[in-house]
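Reader: I have a new model open on my screen, and I would love some help reading it. Could we go through it together, feature by feature?

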Amino acid sequence: MDDAVNERSRAVIIGGGIAGLATAALLGREGYDVTLLEARSEVGGRAGSWARDGFRFDTGPSWYLMPEVFDHFYRLLGTSAAEQLTLTRLDPGYRVFFENHDEPVDVAADRARNLATFEAIEPGAGRSIGRYLTSARSTYRLALAHFLYSTFASFRPLLVADVILRAGRLGRLLLQPLDRFIARFVTDHRLRQILGYPAVFLGSAPSMTPSMYHLMSHLDLEDGVYYPQGGFSAVIESIRRLAEREGVTIITDARATAIETGDGAHPRVTGVRYADADGSPREAPAEVVVSAADLHHTETTLLPSELRTYPDDWWSTRVAGPSAVLVLLGVRGGLPALSHHSLFFTEDWDDNFQRIFTEPTSVPDPASLYVCRPSATDDTVAPAGHENLFILVPLPASPGIGAGGEDEGGDDTVEGIADRAIRQVARWAGIPDLAERVVLRRTLGPADFARDFNSWKGSALGPSHTLRQSAFLRGRNASSVVDGLYYAGGTTVPGIGLPMCLISAELVVKRLRGDVSAGALPEPL
């Protein structure tokens with residue numbers, strides 16, 4: 001299945017999100033003649049942006065974590081994050097509002113202050129969470145060294161002392177859910193929520209997520225939360241520039257319709273059929289095809305049934321991550337009560353998660369929310385005297401909930417969810433006139449994710465990181481049926497999130513090289 005690079009070998013990338021752009025850039029540097037096909041009129045995918053009336057919104061990811069992964073990716077291409085981006089470390093990293101508690105909790109930019117904060121909430125918690133964070137840091141470093149950069153094409157690189165000596169502990173971390181692991185360290189409900197919330201970044205719930213992922217707390221409580229000036233569209237634009245520098249041809253308004261293969265006992269990719277901006281059929285020939293589109297869409301729409309590695313019955317046993325209603329607001333006047341990142345946690349958030357993941361699903365009310373106020377850090381995202389506000393309401397993955405729209409023009413259910421979220425933020429954060437100060441409003445709903453990104457079940461993130469959908473159990477990044485077909489993005493290994501998408505691009509390179517090592521590639525390529 002491994003493809004040796006030869007002069008002018010052609011590669012076609014399906015999808016111009018961060019994973020597709022990153023894969024295109026790396027393959028261009030590897031010497032491939034790369035064409036990237038993006039169905040929409042602009043690149044970015046879920047990491048998109050939208051602008052109107054002097055406001056500019058990121059419409060997807062908004063947390064810059066794991067900075068060393070970004071920097072490693074840039075260094076593979078002969079540059080660095082410092083050269084490409086202007087990063088601001090947020091302090092506080094985020095603020096947390098709790099139902100039935102008057103005072104929010106600020107999570108600071110360093111470990112010592114956070115431990116002092118937790119100690120003030122629960123005597124003894126400073127020391128116990130110190131142990132928790134030491135474990136999180138150790139597990140994170142182990143994951144970086146031996147798991148995140150592995151294609152799992154071979155397990156032999158994992159048979160090293162560093163992993164074998166920790167095998168028993170790793171087994172326990174995989175089998176014990178995160179919420180039960182957290183309960184060993186703290187009793188205060190608020191502290192448990194702060195430690196458990198990273199499960200949401202993984203499209204999961206604390207009760208469904210392996211405690212291996214407590215490593216995430218190292219990132220926000222110790223390593224720090226950053227913001228790229230200009231927003232995440234600045235990250236996308238930097239990778240696009242680098243891809244074009246490596247000779248990549250980017251074609252927008254190019255909707256892939258089929259992955260083409262040759263005949264024979266061992267089918268191999270020959271190219272991609274797509275429809276151009278006029279709807280006319282086109283073909284991009286290739287010896288290598290990488291789909292950075294949603295894996296379910298790739299397998300069940302772009303391939304015939306006999307060539308699928310992951311057919312419909314495989315997907316019937318999978319768990320989709322949550323969808324969301326996104327509320328983009330331009331607000332007159334200041335909003336100092338909100339940090340750059342603010343979280344709003346309901347008292348009974350177990351009920352929230354059950355409504356999202358347990359059939360029959362329903363929309364949580366009240367819901368635990370995420371709010372981003374980038375205008376606290378970036379004066380280019382809103383006109384003078386105004387604020388930029390992004391509210392995310394996690395929901396069941398169900399396109400039937402509806403689509404959003406501008407100026408309250410979305411489906412009734414979506415707009416009703418948005419109204420409730422605005423009232424909740426106003427009440428909990430002490431901004432009673434918030435709704436009256438809104439001068440611009442746009443919503444997005446699950447149906448938008450399904451339509452715009454071919455997202456499985458309208459999920460905002462991809463398959464949830466449950467035990468059966470993590471690491472080598474998440475699925476291969478290469479077709480087991482079609483030679484020359486590979487996958488990248490949040491729906492394949494290593495998983496959800498912008499850093500994981502960058503790693504997924506590197507894993508394609510490793511597949512093509514036949515590299516089964518567990519670590520990151522040497523810099524630069």
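Author: Happily! Let us begin with a single residue, Cys 372, which is buried, with a relative accessible area of 4%. Keep in mind that this is a predicted model, and that every value here is computed.

Reader: A cysteine makes me think of disulfides. How many disulfides are found in the whole structure?

Author: The search finds zero disulfides. The idea is to look for two cysteine sulfur atoms within 2.5 Å of each other. For Cys 372, the closest cysteine sulfur is in Cys 501, and at 19 Å that is too far for a bond. Cys 501 is in no disulfide either, as its nearest cysteine sulfur is the one in Cys 372.

Reader: Is Cys 501 buried or exposed?

Author: Cys 501 counts as buried, because its relative accessibility is 10% and buried means under 20%.

Reader: Let us turn to the empty spaces. How many cavities of 30 Å³ or more does the search find?

Author: There are four of them. You have already met a residue beside one: Cys 372 is among the residues closest to the centre of the second largest cavity, together with Phe 57, Asp 58, Ser 62 and Pro 374. That cavity holds about 110 Å³ of space, and 14 residues line it.

Reader: Which strand gives the most to the lining of the second largest cavity?

Author: Strand 4 does, with three residues. Both strand 4 (55-58) and strand 17 (386-395) supply at least two residues. By class, this lining has seven nonpolar, five polar and two charged residues.

Reader: And what is the volume of the largest cavity?

Author: Its volume is about 150 Å³. Its lining has 15 residues, with Val 200, Phe 353, Ile 356, Ser 368 and Pro 394 closest to the centre. Helix 15 and strand 16 (369-372) are the elements that give two or more residues, and the largest share, four residues, comes from helix 15. When you read a lining, look at the residue classes too: this one has twelve nonpolar residues, three polar ones and no charged ones.

Reader: What about pockets? Which residues lie nearest the centre of the second largest pocket?

Author: Asp 179, Pro 206, Ser 207, Trp 349 and Asp 350 lie nearest the centre, out of 18 lining residues. The space in this pocket is about 300 Å³. Helix 15 (349-357) appears here again, alongside helix 8 (178-183) and helix 9 (189-196), each supplying at least two residues. Helix 15 provides five residues of this lining, the largest share. The lining divides into eight nonpolar, six polar and four charged residues.

Reader: Following the chain on from helix 15, what should I look for?

Author: Look at the peptide bonds before proline. A cis peptide bond joins Glu 359 and Pro 360, with omega about -5°. Another joins Asp 365 and Pro 366, with omega about 0°. Pro 360 sits in the loop between helix 15 and strand 16, and Pro 366 is also in the loop between these elements.

Reader: Strand 16 keeps coming up. How do I read a sheet, and what is the strand order here?

Author: Strands of a sheet pair through backbone hydrogen bonds, either parallel or antiparallel. Here, seven strands form an open sheet in the order 7-6-15-16-17-14-18, with mixed pairing. Strand 7 (105-107) and strand 18 (438-444) are the edges, each pairing on one side only. For one pair in detail, take strand 6 and strand 15, which run parallel and are joined by four bridges; Val 96 has Leu 343 in strand 15 as its bridge partner.

Reader: Last one: which residues other than glycine have a positive phi?

Author: Two to look at are Glu 408, with phi near 65°, and Lys 457, with phi of about 60°. Glu 408 lies in the loop between strand 17 and helix 16 (412-429) and counts as exposed, at 53% relative accessibility. Lys 457 lies in the loop between helix 17 (446-453) and strand 19 (485-487), and at 40% relative accessibility Lys 457 counts as partly exposed.

Notes: Residues are numbered from 1 along each chain as its sequence is written. This is a predicted model: local features need pLDDT of at least 70, side-chain atom pairs count only at pLDDT 80 or more; totals for chains, interfaces and linings use all residues. Side-chain values use heavy atoms; hydrogens and water are left out. On a 1 Å grid over the protein atoms alone, a cavity is a set of points where a 1.4 Å probe fits but cannot get out, and a pocket is an open set with protein on both sides within 12 Å along at least five of seven lines; lining residues have an atom within 4 Å of a point. Grid points are joined across faces, edges and corners, and a volume is the space filled by probe spheres set on the points. Ala, Val, Leu, Ile, Met, Phe, Trp, Tyr, Cys and Pro count as nonpolar, Asp, Glu, Lys and Arg as charged, and the others, Gly among them, as polar. Buried means under 20% relative accessible area, exposed over 50%, partly exposed in between (1.4 Å probe, protein chains only). Two strands pair if DSSP finds at least two bridges between them.
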